[in-house]
Amino acid sequence: MTEHVEWSEPEAAATPVSSAVTPADAADAARLVAFGLQPRLQPARDQEYSDLLRRYREDPPFARLADAVAAGLGLVVLEVSPRAGMAVTAAEDSVFAVRMGDYARRTSADGGDRFLHGLAHLAVAALAFPRPEDLADDGYIGRVSVNGVDAFVRQACRRLEERAEEQGENTDPATGAPGLEAAWRVWARRSATGATKDARRLAGSTTGIVGKAVAFLTDSGFLQRTGDDNGGTYRTTARYQLQVRDMAGGAAMAELLELGVVPVTDGTPTLLPAEDTDDLELAADAGLPFHS
């Protein structure tokens with residue numbers, strides 16, 4: 001009996017440690033995650049957000065609590081900092097996950113164009129951060145334009161077509177064939193603008209598809225519009241850099257960059273000549289910024 005009392009005393013002393021987290025702490029942690037789910041909100045413009053970020057960095061138990069709240073919501077914390085705020089991304093099973101079908105409905109895209117919309121997002125990421133050092137540099141700001149992204153994809157299309165011809169491959173693959181090798185044929189055949197009588201882009205044109213992609217990224221706090229030249233010009237945000245870091249290992253993005261179509265990073269559609277690269281196997285739907 002004496003042994004039991006002596007052994008149990010340290011447990012009693014440890015109890016206040018576990019009870020140190022109060023309902024107010026939990027509310028603050030949830031509040032921080034809620035701020036993180038508002039991607040266009042800048043910490044520098046909200047004192048409460050800034051204070052909670054400081055507490056996260058200086059109070060490890062609070063940081064663990066906030067991480068646990070995020071994990072419970074199916075969110076992955078990419079970074080917590082003054083520049084990015086609480087940057088989170090949704091896991092596949094999260095209620096906050098954006099799926100390609102949902103995106104297609106939001107953009108009024110039919111089923112046949114869904115892969116093209118995914119390719120547009122992939123191209124924006126590759127054009128904004130064409131080199132590994134761009135992703136590694138927290139101070140790097142990528143710049144893209146709608147026309148520049150379309151020109152980038154069309155240059156990649158020409159490179160893929162040349163590769164197919166060199167290898168003697170069939171230029172008309174079976175319907176539903178996945179991967180970039182199938183997508184380039186559809187993109188290359190699609191009108192770049194298809195402007196209406198009042199000079200508006202057709203939604204189904206390739207620049208229309210890119211326009212919807214960058215508008216979605218802007219609404220999501222990943223891009224900021226900077227002008228109207230070249231169909232619309234945009235700059236990247238810290239959150240977008242973190243998001244692209246998270247998807248940079250995808251096979252499709254690696255394939256697009258390895259084609260040797262190196263973009264000029266000021267957002268113009270001017271591209272450097274393509275260089276020969278080794279052939280790479282393509283993975284279906286790999287690296288697209290949506291859950292299937």
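**Salt bridges, sheet and core**

Me: What does Arg131 count as, given its relative accessibility?
Reply: Arg131 has a relative accessibility of 42%. Buried means under 20% relative accessible area, exposed over 50%, and partly exposed in between (1.4 Å probe, protein chains only). Arg131 therefore counts as partly exposed.

Me: What kind of model is this?
Reply: Residues are numbered from 1 along each chain as its sequence is written, and side-chain values use heavy atoms, with hydrogens and water left out. Local features need pLDDT of at least 70, side-chain atom pairs count only at pLDDT 80 or more, and totals for chains, interfaces and linings use all residues; this is a predicted model.

Me: Which residue forms a salt bridge with Arg131?
Reply: A salt bridge here is a side-chain nitrogen of Lys or Arg within 4 Å of a carboxyl oxygen of Asp or Glu. The closest N and O atoms of this pair are 2.7 Å apart. The partner is buried, at 1% relative accessibility. It is Asp134.

Me: How many residues apart in sequence are the parts tied together by Asp219 and Arg40?
Reply: Asp219 and Arg40 form a salt bridge, with their closest N and O atoms 3.8 Å apart. Helices (H or I, at least four residues) and strands (E, at least two) are DSSP runs, numbered from the N terminus. Asp219 lies in helix α10 and Arg40 in the loop between α2 and α3, so the parts tied together are separated in sequence by 179 residues.

Me: Which strands stand at the edges of the open sheet?
Reply: Two strands pair if DSSP finds at least two bridges between them. The three strands run in the order β3-β5-β4, with antiparallel pairing. Each edge strand has a single partner, so one side of it is left without a neighbour in the sheet; the edge strands are β3 and β4.

Me: Which helix gives the most residues to the largest nonpolar core?
Reply: A nonpolar core is a set of buried Ala, Val, Leu, Ile, Met, Phe, Trp, Tyr and Cys residues joined through side-chain atoms within 4.5 Å. The largest has 35 residues, and Val124, Val149, Trp187 and Tyr240 are those with the most contacts inside it. Helices α6, α8, α9, α10 and α11 each supply at least two of its residues. With 10 residues, the helix that gives the most is α6.

Me: How many residues of α8 are buried?
Reply: Helix α8 has 21 residues and reaches 31 Å from its first C-alpha to its last. It is mostly covered, and its buried residues number 15.

Notes:
The expected span of a helix is 1.5 Å times one less than its number of residues.
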